[in-house]
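I opened this entry to look up how each chain is built and how the copies meet. My notes follow the model below.

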2 protein chains.
Amino acid sequence: MERTERAVRHFQEELEALQARLLEMGGLAEEHVRVAIQGLVTRDPAAVERILRGDEPINELHIEIDNRCFTLLALHQPMATDLRAIVAAVKINTDLERVGDLAVNIAEAARHYVTHPPVKKLIDIPQMGDIAQAMLRDALDSFVHRDTELAQHVLDEDDRLDGLKTQVFRELLTYMLHDPSTVEPALDLILISRHLERIGDHATNIAEDVIFMVSARDVRHHAPGA
Amino acid sequence: MERTERAVRHFQEELEALQARLLEMGGLAEEHVRVAIQGLVTRDPAAVERILRGDEPINELHIEIDNRCFTLLALHQPMATDLRAIVAAVKINTDLERVGDLAVNIAEAARHYVTHPPVKKLIDIPQMGDIAQAMLRDALDSFVHRDTELAQHVLDEDDRLDGLKTQVFRELLTYMLHDPSTVEPALDLILISRHLERIGDHATNIAEDVIFMVSARDVRHHAPGA
């Protein structure tokens, strides 16, 4: 099959459309995390319910993006960089879909949390939410712009998120040990902090795929800078 | 490029080698889960340490399999079924690598758990471990044999795993509410049961990919039988 100029242009357009849909999916996933955490902090059942019931658009996009990747691979048989970009898109799509699931998990824990008196003023968890959302945004931007520096920044932020998770855990454990009435709601918060940590892990996966895709250097399974 | 008979045979050999490596990786991941749970149940620090330090082979296989997938896609430009199989392999590889990470997470919680007196005799968690391991094994078998019935069985087993997780949570919560000295070790067990649930989720992802690959029917985001 001869690859005409027109076919090449068509392929590039399809690749850009794929990236646009991935960004849209990322925006949706990030928004769901934001609303779930907001529902937790403001104790707003309507916001929580919106996330619990609203994962249909993310799931539809997930299937559409997967199909786009298959079509691009099957019809255009891309080589080298383009091939890496599409395989990365398949993986990123999976990561974003799981982030949508985690937003639902956060909303489930939040729904239970607000049935108890607040354990404490929430400071670290919203901060974890902000970091996780920024990591997602940066990871996707690093994909679109093939920006390995930004991808590396995402990897660094993951350490900050893990540090906060440990801090949240220790603090809540103290509450639980001293006051049994806090056990149930504190457990909800611990689980929410773990869900946020996992969202950071998904952003990290995306950033690692970007670094691999751009530099064909495998940063996975190595400490940063190693 | 004309595809000679020899090229086709070479491709099939490479595809089989890829599957063999995936099975090896699955076997390793399953083994790590088994040893981590065994270390927890028998309170065996050596078993736990073995898992905490031993994820190098899984990580190396992860990179090797990823590279094999890229090579197959780039050199052979497969179509239709073969293309779906290789894209499925990319995803399955990612799932198995995360299972390896979860075995480490289980071992971390187990290391902490055994520093406290046992909360209770462990029955449900080893059972969850058995189910999760069987799900992984069946999911990979369903991939190799293109067996959608077995894949569907994996999806059904996931409900059983989720049910056990809920049961474990309720029981441990009761301990925590009545005896603050159980709060810390019970938290470890709750986290371990969540890690096992996530291993089941990865097996479920694999099974869904197999059903999609074989029947080009998308079972993702739908209730079984819907």
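I took two residues to be in contact if their C-beta atoms, placed from the backbone, lie within 7 Å. With that cut-off I found that residues 24 or more positions apart account for 80% of the contacts in chain A with a separation of 6 or more.

I noted that this is a predicted model, in which local features need pLDDT of at least 70 and side-chain atom pairs count only at pLDDT 80 or more, while totals for chains, interfaces and linings use all residues. Residues are numbered from 1 along each chain as its sequence is written, and chains are lettered from A in the order in which they are written.

I then looked up the fold of chain A, taking helices (H or I, at least four residues) and strands (E, at least two) as DSSP runs numbered from the N terminus. Chain A has 7 helices and 0 strands, and its C-alpha trace spans about 75 × 40 × 20 Å along the principal axes.

Next I checked the pair: superposed by least squares on the C-alpha atoms of residues with pLDDT of at least 70 in both, chain B falls on chain A after a rotation of 180° with 0.0 Å of shift along the axis (RMSD 0.0 Å). The two copies are thus related as by a two-fold rotation axis. In chain B, the residue that comes closest to this axis is B:Gln77, at 2.9 Å (C-alpha).

Finally, I looked at the interface, where 21 residues of chain B are in contact with 21 residues of chain A. The elements of chain B that give two or more residues to this side are helix 3 (56-76), helix 4 (80-113), helix 6 (148-178) and helix 7 (183-215). Of the interface residues of chain B, 100% are also interface residues in chain A, so the copies meet through the same surface.
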